[in-house]
Each structure stands twice: as C-alpha cells, then as structure tokens.
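Subject: Structure handover

Hello,

I am passing a structure over to you. Please open it first, then read the notes underneath.

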Amino acid sequence: MRTLDGIGSTPRSGVGAARWYRPDADLTLPDRPDPASVDPGAELARYEAARDAVREALRDARDRTAERVGEDEAAVFEAHEGFLDDPTIIDDVEAAIRDGTPAAHAVADRFDGAVAQFEGMEGRMAERADDLRDVRDRLLRALLVGAGEADATSGPDSGESLGSAAARSPPDLGALPEGTVLLAERLTPSDTAALDPDAVAGIATVEGGRTSHAAIIARSLAIPAVVGVGPNLESIATGETLLVDGEAGTVVVDPDETRRAAAVESGPEAVRERVETADGRPVEVAANVGGEAELAPATERGADGIGLFRTEFLFVDREAAPTEHEQFEAVTAALSAFPDDRVVVRTLDVGGDKPVPYLNLPDEPNPFLGRRGIRLSLGEHGDLFGTQLRALLRAAATEHGDGLAVMFPLVTRVEEVERAVATVESVAADLADEGVSHAVPELGAMVETPAAAFLADALAERLDFLSVGTNDLAQYVMAADRGNDAVADHHDPLHPAVLRALDRTTAAVGGTDAWVGMCGEMAGDPALTELLVGLGFDELSMSAVTVPDVKRRAREVDAAAARSLAADAVACETRAEVLDVLGLDQRGA
Amino acid sequence: MERTVTVEPEAGLHARPASKLVQTANRFDAEVSIGRDDDGLVRADSMLSVSGLNVEHGESVRVVAEGPDAEAALDAVCELLTSPVEESPDGAGDDTEDAP
C-alpha cells in the first residue's frame with residue numbers, strides 16, 4: 001500500500017482497477033528486428049487477433065453511436081471497418097509479414113502508404129486520410145499496447161482480452177467496464193462528460209485543479225476524483241487496484257481491506273426527506289431525467305421531484321413522431337414515480353445540432369443560433385407542439401397530475417411566452433370541446449439566453465416559474481461553444497458575467513409570485529450549493545447521482561451568510577476573484 | 001458482364017455509399033470491379049480502392065462482374081449506385097446530451 005497526494009476534487013471515495021487513458025498514446029514502433037528472428041506464423045496470428053479486437057470495438061462504437069446519436073453519424077465506423085478488412089491491405093500486410101516484418105511494422109507501413117495517397121487532397125479525400133489514421137492507430141494500439149501491458153494487468157475485471165481493451169479504450173470513454181479508475185494526464189470537459197458515473201469508480205489525473213471545468217463536471221456526476229497528482233501518477237500501471245479518496249485528495253495503490261471497506265461504505269446514501277438550510281430556508285433538490293430508465297435512480301437517491309424532464313428521448317431514434325398517447329404515458333409514468341412532488345417537463349427541445357430525421361430540421365451553419373427550442377414549436381413544428389401540449393394537459397388531470405409543470409426552452413422574447421401560453425389555452429379549449437378531461441399545469445420558461453435573463457422580470461410576470469439552464473446560459477453569455485474544449489476556459493459558470501446573469505434572473509423573480517430554479521451541471525456541484533442558495537434559487541435540479549451530496553450540503557448552509565457570499569461573488573470582476581470569494585483554489589483553471 | 005451507370009448518391013462514392021458498395025460487393029461469389037469509363041478498374045470489395053477513385057455524384061462509372069453470381073452482384077451494385085441514398089443533412093456532428 002502506498003499513497004500519492006493530489007487535490008481532492010469530488011469529495012467521495014471509490015475503489016477500482018486502474019486504466020490509463022492516453023488519447024495521444026505513444027505508438028512509436030520498436031526498432032525493426034532482423035527478419036530472420038521474426039516468427040511469421042505468430043505475427044500473422046497477432047495481426048488477425050488485432051483485427052478481430054478492432055472490429056469488435058468498431059461495431060460496439062457503431063451500435064452505441066447509432067443508438068445515442070443516429071445512423072448517419074454511426075456510418076463512419078462502417079467505413080472504418082471497410083478499411084480494417086480491406087482485402088488489398090490484408091494481402092499486402094500478410095505478404096510483408098511472411099517476408100519477416102513484424103505485424104505492427106507491416107500494418108504501419110501499409111497504412112502510412114495509404115494515408116500518403118489521400119493526404120493533402122481536399123474535402124472528402126482528406127477525411128479518408130483521417131479514417132485510415134484512426135484505423136491504423138487502433139490496430140497499432142492493439143498490437144503494441146496490448147502486448148506491452150499483458151503482464152501488468154491483474155485487475156479484478158480482466159475478463160476482457162487486453163488486445164480488445166486497448167483497441168477500444170481511447171475513443172470509448174462511455175463504455176468503460178464497471179469498476180474502472182481512470183488515469184490520465186488530463187481530461188477535457190468532453191472526455192469527462194462522456195463518462196458513465198455507474199461504471200467509473202474514480203478519476204485521477206496528473207494535471208488539473210479543483211476548478212478546472214473537467215473537475216466541475218466530475219463533481220456534477222459524483223465521480224470520485226483526485227486531480228493534480230503530478231508525475232508520480234505515471235508509476236501506476238494499468239490493472240493495479242486503486243482507491244481514489246476525493247476527500248483526502250489521495251490515491252492509494254493496493255489499499256488494504258480496511259481502507260477499501262471504508263471507501264465502499266461512504267457511498268451516496270440517499271437523504272429521503274426534503275431539506276432546509278441550517279436557518280430554516282427550504283431548498284428543493286430535484287433530479288434531471290432524460291428517459292424512463294432514469295426515474296428509478298432519481299427516486300432511489302431521494303430527489304424531491306423532477307426539475308427537468310427532457311422529452312427528446314421520446315423523439316429520437318425512430319421513424320416518426322411519438323403519438324399523443326405515448327407522450328401521455330411517459331409523462332404519467334414520471335408523475336407516478338413522484339406522486340407527491342413536482343415534475344417539470346420541458347417541451348421538445350431539438351434543433352439543427354440534434355438531428356431527428358423525420359423532423360426535416362434545416363441544415364444550418366450555426367445550429368446553436370438557429371431554429372431550435374420554442375422557435376420550432378411556435379413555427380414549423382406547431383403540430384408537434386400541439387400534440388405534446390394535448391398529452392401534457394391530459395396528464396395534468398390524472399391522479400398525480402397536480403405536480404405537473406411545463407416549461408418552454410430557448411425563450412428570448414416576451415411574445416414567445418405569450419404565444420406559447422395562448423397555444424396552451426387554445427389546446428385546453430379544444431379538449432374542453434371534445435369533453436376530454438384536462439387541466440392547465442404550471443407554466444414556465446427556461447432561462448438559457450442573455451435575452452431571457454435580461455427579460456426575467458417580464459417573463460416571470462406572465463409565468464409561474466423560471467428555470468435556468470446554466471450550460472446553455474454560460475455558452476451564450478460567454479460566446480463559447482460548450483462542446484469545444486479549446487474554449488473551455490471561457491465556458492464556465494463561475495465567470496462574473498454568468499453570475500451576474502443568474503443574479504439578475506433571481507432578483508427579477510424575487511419581486512413576483514413565481515419561483516426560480518436551476519437545472520444544469522452547476523446545480524449538481526455541492527461546492528456551489530451555498531452560492532446558489534445565496535443567489536436565491538428555490539429549486540436545484542441535477543443528475544440524480546449528486547442529489548444526496550447537494551442535500552447534505554444544503555443543510556449546512558446558513559442562508560443569511562450565503563446571501564452575503566453571493567453578493568460578494570456577484571461583485572467580482574474576474575473569475576479568479578470569484579474563486580477566491582468561494583474559497584476554491586485556482587490551479588488548473 | 002458489365003454495365004455503365006450514373007452515380008446517384010449525393011455523397012458520391014464516399015463515406016456511407018462507399019462502405020455500402022464494398023459490403024455489397026463482398027456478399028456475392030463474384031469478382032466485381034469498378035472505375036470510370038476511360039480509366040482502369042479497381043476492386044469493388046476494397047474500401048481503399050473505391051475511395052481512391054474519388055467518384056462524385058453524377059459521374060458515370062463502369063461496373064464489371066465475373067463469376068458464378070456475376071449477374072446478381074451486378075444488379076445489387078448498380079441498384080445501390082443509382083439510388084439517391086437517404087443521407088440526411090449533416091447534423092453538425094455533436095449531440096452532447098442536452099443538459100440545458
């Protein structure tokens with residue numbers, strides 16, 4: 001047992017098997033051996049095994065992408081498989097191996113030749129060079145890394161063959177086996193967001209700080225994390241058993257039984273009851289839910305309802321829009337899971353960045369600034385909006401329908417709210433004419449744009465609530481694409497400009513009967529709970545895993561002190577000052 | 001036997017249509033080759049060779065098939081080349097789950 005020191009980022013512990021993530025892994029080939037010393041039979045077998053492993057990884061990636069994103073995006077993996085099993089490439093590689101070239105060198109030679117053929121050309125031909133490089137690297141990883149680490153791996157989950165594990169590890173962070181402790185030089189925000197919190201037992205990185213965006217995302221996924229361990233981390237081999245202690249800021253190699261047991265016990269125990277601050281201000285801690293499978297985890301972790309029910313899952317990966325009945329069933333299922341609580345359903349929020357084939361969304365140069373959210377619902381997709389509202393108004397009249405609330409995404413204008421409310425009223429009138437039982441639920445708007453923050457007072461006057469989507473709000477306030485790691489420094493909710501937009505929103509709602517919530521990554525970071533309570537949020541909604549942590553943290557907060565902290569933070573002029581006020585370190589920022 | 005057809009898929013013989021062509025050529029007991037009218041032919045079961053042709057939408061290509069299943073292979077390949085494949089508009093790639 002030895003212990004490495006770093007900076008605790010997510011205050012939680014986990015035990016698992018180490019796995020290095022090296023997106024830029026060194027695939028340098030060893031020196032070419034004397035052809036006479038090469039065993040062609042063995043090398044041919046290794047080549048075939050590597051192809052099998054890569055093919056399996058490509059098919060996994062294809063299926064997962066088809067499921068999560070779409071068939072078109074998944075097609076690239078079929079092209080990769082085409083290159084992997086290209087008969088002309090296989091013939092040449094096998095011929096080279098028979099002449100005494102090791103498999104890795106033969107693969108590198110042949111693919112480099114093919115890359116050279118496409119490189120420097122334009123458009124689609126250049127993309128082929130990228131495809132070929134990708135397939136080459138997967139094969140080399142299977143041939144080099146797989147072989148090199150065969151002895152070092154004795155982790156608890158070594159059921160998977162190493163060759164295949166190595167072939168798939170770099171691009172497939174979303175499919176790590178359960179009980180993985182991910183080690184990396186650094187993780188980008190998009191790397192981190194791809195992780196499955198149920199599979200990843202912990203994260204430890206060489207670089208990074210507590211407030212790096214990746215660390216914030218890890219916290220909002222409740223993945224135990226220790227960052228900034230330094231070069232010592234490199235001494236850990238893939239497969240070693242590690243304990244990541246995010247509270248103490250340590251990584252323990254080969255922890256003894258006592259340490260392990262303690263780590264497992266400190267898991268997120270649900271806080272069932274609703275919570276209030278130490279001085280008695282209630283804080284509603286709800287869960288974001290993106291599909292029926294997420295309902296049970298949300299109730300198990302003690303969420304006080306659903307603060308964001310994404311309806312997009314009902315629309316993607318299918319040939320036609322869901323029927324009114326399907327939508328009604330999905331919403332009543334959510335209401336039944338939380339019979340005494342509020343369930344906030346967001347109306348359809350798609351746009352050019354989220355392709356749904358049958359919606360014929362326009363191909364726009366900048367989808368984030370284009371036809372999306374309420375713009376589509378009040379425009380070309382008015383029919384879908386009408387059907388969705390019918391389902392929602394009917395659900396509002398069911399046994400647990402009192403808790404239903406409906407909110408509109410990407411609002412930027414008062415007229416949009418007025419038109420949306422008028423549409424709700426006209427749907428209600430239609431249902432009344434038909435003699436169908438229905439009720440009008442609470443109505444609200446998402447605050448995801450600077451426009452909505454500036455207009456918060458006018459919006460709140462016309463609605464029952466506002467809910468701030470911080471990921472989009474930060475993106476639009478800071479003019480920084482949230483999926484672009486190159487501007488990740490800009491895309492951070494702790495910039496004063498974003499905090500002032502939050503403050504403006506909560507202050508505007510404060511003078512009305514409306515309530516105000518937040519549903520974004522920021523809401524799930526217990527390190528920010530005091531700030532958010534101080535800003536005046538009545539409700540915080542987050543990924544279910546962090547509900548227990550945020551509930552515990554909210555109980556410790558003193559609302560009066562939190563208000564003064566929030567005022568100090570809002571008065572700051574730089575992010576560094578904000579971090580200082582919040583007592584967060586600035587390393588890796 | 002051989003046939004000359006005009007390539008209909010918007011993407012030409014790239015990306016998805018190319019992999020579909022390769023998969024199709026592989027399915028039959030036949031040697032299928034493809035190329036522009038005047039150029040040399042390449043193996044249709046090779047992604048590398050097919051991509052290397054750089055055939056765009058609207059170009060005409062010659063398809064030659066030999067072997068027991070030559071006719072069926074030719075039919076299947078030409079069917080593919082002359083169907084305007086449903087390549088939906090490029091969805092800007094990223095579909096990060098929409099946390100708001």
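Which elements of chain A do the buried residues of α20(A) pack against? There are two helix and strand groups to look at: β9 (275–276) and β10 (282–289), then α19 (529–535) and β17 (539–543), of chain A.

Keep in mind that this is a predicted model. Its scores are ipTM 0.83 and pTM 0.62.

Back to α20. The helix covers residues 547–556 of chain A and is mostly covered. Seven of its 10 residues are buried. Start at its beginning: A:Val547, A:Pro548, A:Asp549, A:Val550 and A:Lys551 are buried. So are A:Arg553 and A:Ala554.

Next, two backbone angles in chain A. Most residues other than glycine have a negative phi. A:Asp254 has a positive phi of about 55° and is not a glycine. Look for A:Asp254 in the loop between β8 (250–253) and α9 (257–265) of chain A. A:Leu410 also has a positive phi, near 55°, and is not a glycine either. A:Leu410 sits in the loop between β13 (404–408) and α14 (414–434) of chain A.

Are these two residues buried or exposed? A:Leu410 has 24 other C-beta atoms within 10 Å, so it is buried; the cut-off for that is 20 or more. A:Asp254 has 13 such atoms within 10 Å, so it counts as partly exposed.

One more loop residue is worth a look. A:Leu29 lies between β3 (13–21) and α1 (40–68) of chain A. A:Leu29 is partly exposed because 14 other C-beta atoms lie within 10 Å. Which residues does A:Leu29 contact, leaving aside neighbours within four places in sequence? They are A:Ala104, A:His105 and A:Ala108. Take A:Ala104: A:Leu29 and A:Ala104 are 75 residues apart in sequence. In space they are 7.4 Å apart, C-alpha to C-alpha.

Last, confidence in chain B. The average pLDDT of chain B is 82. At least 70 is reached by 83% of the residues. Residues 87–100 of chain B are another matter: pLDDT stays under 50 there. The model has 41 contacts beyond four places in sequence for that stretch. Where pLDDT is low, the predicted coordinates should not be read in detail.

Over to you.

Best wishes

Notes:
Residues are numbered from 1 along each chain as its sequence is written. Chains are lettered from A and ligands numbered from 1 in the order in which they are written. This is a predicted model: local features need pLDDT of at least 70, side-chain atom pairs count only at pLDDT 80 or more; totals for chains, interfaces and linings use all residues. A residue is buried if 20 or more other C-beta atoms lie within 10 Å of its own, exposed if 12 or fewer, and partly exposed in between; C-beta atoms are placed from the backbone. Helices (H or I, at least four residues) and strands (E, at least two) are DSSP runs, numbered from the N terminus. Two residues are in contact if their C-beta atoms, placed from the backbone, lie within 7 Å. pLDDT is the predictor's confidence in each residue, from 0 to 100.
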